[in-house]
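Dear colleague,

I am handing over the structure we spoke about, with the sequence alongside, and my notes follow beneath it. Please read them with the coordinates open.

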Amino acid sequence: MPNCPLCNSTSKVFYKDEFYLCPCCYGIFRPKEKLLDNEKEKQRYESHTNDSDDIGYQNFVLPITSSVLKENKKEDFGLDFGCGKDSPIVKVLRQNEYKIFEYDPYFFVDKKLLEQKYDYIACCEVIEHFYNPKKEFELFKKLLKDDGTLYLMTGIYRENIDFSKWWYKNDLTHVFIFQEKTFEWIKKEFDFENMYIEKNFIRFSNRKD
């Protein structure tokens with residue numbers, strides 16, 4: 001059985017030979033032999049028709065943008081991690097005169113941005129693509145200021161979902177799927193002060209609310 005890429009525990013079969021379940025952090029993941037190589041993964045992302053001016057797209061990311069506007073100041077430094085080709089998060093926040101930078105391993109590769117500290121990090125529909133989620137969450141903690149906030153959106157698997165019919169698993173670039181118990185494990189393991197979950201929106205904070 002493959003080891004979990006988040007907590008390194010031994011997993012068990014969850015769905016055919018496509019996904020495995022970790023009994024420790026409850027992550028659901030594809031084994032290494034099912035992962036796309038970098039070229040095929042990038043081709044998949046390049047096929048996305050992202051338009052930051054699309055109102056529907058802006059409404060989709062509203063849980064993140066509205067939280068940032070409510071909880072952070074214009075002079076705070078933010079990062080859209082895994083922003084893709086054209087980010088509605090960046091569009092909306094810059095329209096409101098917020099200072100937010102774009103980082104994406106395929107489209108906005110500026111490694112200097114990973115040497116700074118941020119008041120908040122936005123990460124929308126990205127964490128399910130992490131081949132090494134442990135490494136990426138360690139990076140988030142490194143990038144966040146001591147009182148920083150991490151805003152996430154991803155499809156969360158819940159027990160009332162029929163996994164065999166769940167469309168979210170069908171995207172071959174969705175390689176690590178989270179449950180609410182997975183986020184509880186992350187909160188404890190990575191020492192976040194607070195966690196909030198509503199539908200597909202997750203907020204981790206180092207602030208003492």
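If its neighbours within four places in sequence are left aside, Phe204 is in contact with Gly148, Thr149, Leu150, Leu152, Phe183, Ile186, Lys187, Phe192, Asn194 and Met195. Please bear in mind, for this and for everything below, that the model is a predicted one. Phe204 belongs to strand β10, which spans residues 201-205, and this residue counts as buried because its relative accessibility is 0%, against a cut-off of under 20%.

Two of the contacts of Phe204, Asn194 and Met195, lead to the neighbouring strand, since β9 covers residues 194-198 and is joined to β10 by five bridges, with the two strands running antiparallel. Within this pairing, Phe204 is the bridge partner of Met195, while the C-alpha atoms of Phe204 and Asn194 are separated by 5.7 Å although the two residues are 10 residues apart along the chain. The hairpin formed by β9 and β10 has two residues between its strands, and in this hairpin Lys199 takes a positive phi near 55°.

The next part concerns helix α4 and its surroundings. Which residues of helix α4 are buried? They are Pro88, Ile89, Val90, Val92 and Leu93, in a helix that runs over residues 88-95. These buried residues pack against two helices, α2 (55-60) and α3 (62-71), and against the strands β4 (77-81), β5 (99-103) and β6 (118-124). At the start of α4, a side-chain oxygen of Ser87 comes to within 3.2 Å of the backbone nitrogen of Ile89, and after the helix comes Glu97, whose phi is positive, near 65°.

Two residues let one follow this packing from the other side. Thr65, which is placed in helix α3, is buried, with a relative accessible area of 2%, and apart from its neighbours within four places in sequence Thr65 is in contact with Ile89, Val92 and Leu93. Gln58, in helix α2, also counts as buried, because its relative accessibility of 15% falls under the 20% cut-off. Not counting residues up to four places away in sequence, Gln58 touches Ser52, Asp53, Pro88, Lys91 and Val92, so that Val92 of α4 is found among the contacts of Thr65 and among those of Gln58.

Finally, I turn to the pockets. The largest has a volume of about 1,100 Å³, and of the 40 residues that line it, Tyr45, Gly82, Glu125, Val126 and His129 are the closest to its centre. At least two residues of this lining come from each of α1 (38-46), α2, β4, α4 and α5 (133-143), and by class the lining residues of the largest pocket divide into 20 nonpolar, nine polar and 11 charged. The second largest pocket has a volume of about 240 Å³ and is lined by 18 residues, with Asn3, Pro5, Arg30, Lys32 and Tyr131 lying nearest its centre; its lining has 11 nonpolar, three polar and four charged residues.

With best regards

Methods. Residues numbered from 1 in each chain as written. Predicted model: local features only at pLDDT ≥ 70, side-chain atom pairs only at ≥ 80, totals over all residues. Heavy atoms only, no water. Buried < 20%, exposed > 50% of the residue type's maximum accessible area, 1.4 Å probe, protein only. Helix = DSSP H or I, 4+ residues; strand = E, 2+ residues; numbered from the N terminus. Contact = heavy atoms within 4.5 Å. Polar contact = N/O pair within 3.5 Å; in protein donor to acceptor, adjacent residues only side chain to side chain. Pairing = 2+ DSSP bridges. 1 Å grid on protein atoms, 1.4 Å probe; cavity = no way out; pocket = protein on both sides within 12 Å on 5 of 7 lines; lining within 4 Å. Points joined across faces, edges and corners; volume = space filled by probe spheres on them. Nonpolar A, V, L, I, M, F, W, Y, C, P; charged D, E, K, R; others polar.
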